[in-house]
Amino acid sequence: PPTDDPSVLTLSLIRVDASTFVATLKRGRSIVMTTRNVVSSDGRTIKLTERGTSEDGQPVYNVQVYDKQ
């Protein structure tokens, strides 16, 4: 995709280790959001930590934890 076009969103995924990956969302050349995803050693929980900037330029920080039922 044309990386200079500010309307284009791109996503890159990087595997850090067996239980962690980092997702980076870009609009044009600017990073909009970075999410670190960590799966627990027993595979029953995933924790997502999001950092970025909202559409109105405000900083965003979210932590989400999901448990397998």
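**Exercises on a five-stranded chain**

The protein chain contains five strands and zero helices. Keep in mind that this is a predicted model.

**Exercise 1.** Work out in which order the strands form the sheet, and which strands stand at its edges.

*Solution.* Start with the sequence: read along it, the chain follows the pattern β-β-β-β-β. Next, look at the sheet, which is open and has the strand order β1-β2-β3-β4-β5, with antiparallel pairing. Now find the edges: β1 (9–17) and β5 (59–67) each have a single partner strand, so one side of each is left without a neighbour in the sheet. Finally, the twist from one strand to the next averages 15°.

As a reminder, strands of a sheet pair through backbone hydrogen bonds, either parallel or antiparallel.

**Exercise 2.** Describe how β2 and β3 pair, and find the residue opposite Leu25.

*Solution.* First locate the strands: β2 covers residues 20–27, and β3 covers residues 30–39. Then count the bridges: the two strands pair in the antiparallel sense over eight of them. Last, look across from Leu25, and you will meet Met33 in β3.

**Exercise 3.** Decide whether Phe21 is buried, partly exposed or exposed, and name its companions in a surface patch.

*Solution.* Begin with the position: Phe21 lies in strand β2. Its relative accessibility is 34%. Buried means under 20% and exposed means over 50%, so Phe21 counts as partly exposed. Now turn to the surface, where Phe21 forms a nonpolar patch with Leu11 and Leu13. Together they have about 310 Å² of accessible area.

**Exercise 4.** State what share of the chain's residues is buried.

*Solution.* The chain has 69 residues, and 17% of them count as buried. For its surface, the accessible area comes to about 5,300 Å², with 54% belonging to carbon and sulfur atoms.

Notes: Residues numbered from 1 in each chain as written. Predicted model: local features only at pLDDT ≥ 70, side-chain atom pairs only at ≥ 80, totals over all residues. Heavy atoms only, no water. Patch = residues over 30% accessible without salt bridge, like charges linked within 9 Å, V, L, I, M, F, W, Y side chains within 5 Å. Areas by Shrake-Rupley, 256 points an atom, 1.4 Å probe, with all protein chains shown as cover. Salt bridge = Lys/Arg side-chain N within 4 Å of Asp/Glu carboxyl O. Helix = DSSP H or I, 4+ residues; strand = E, 2+ residues; numbered from the N terminus. Buried < 20%, exposed > 50% of the residue type's maximum accessible area, 1.4 Å probe, protein only. Pairing = 2+ DSSP bridges. Axes fitted to C-alpha atoms, helices over the stretch in contact; angles between N-to-C directions.
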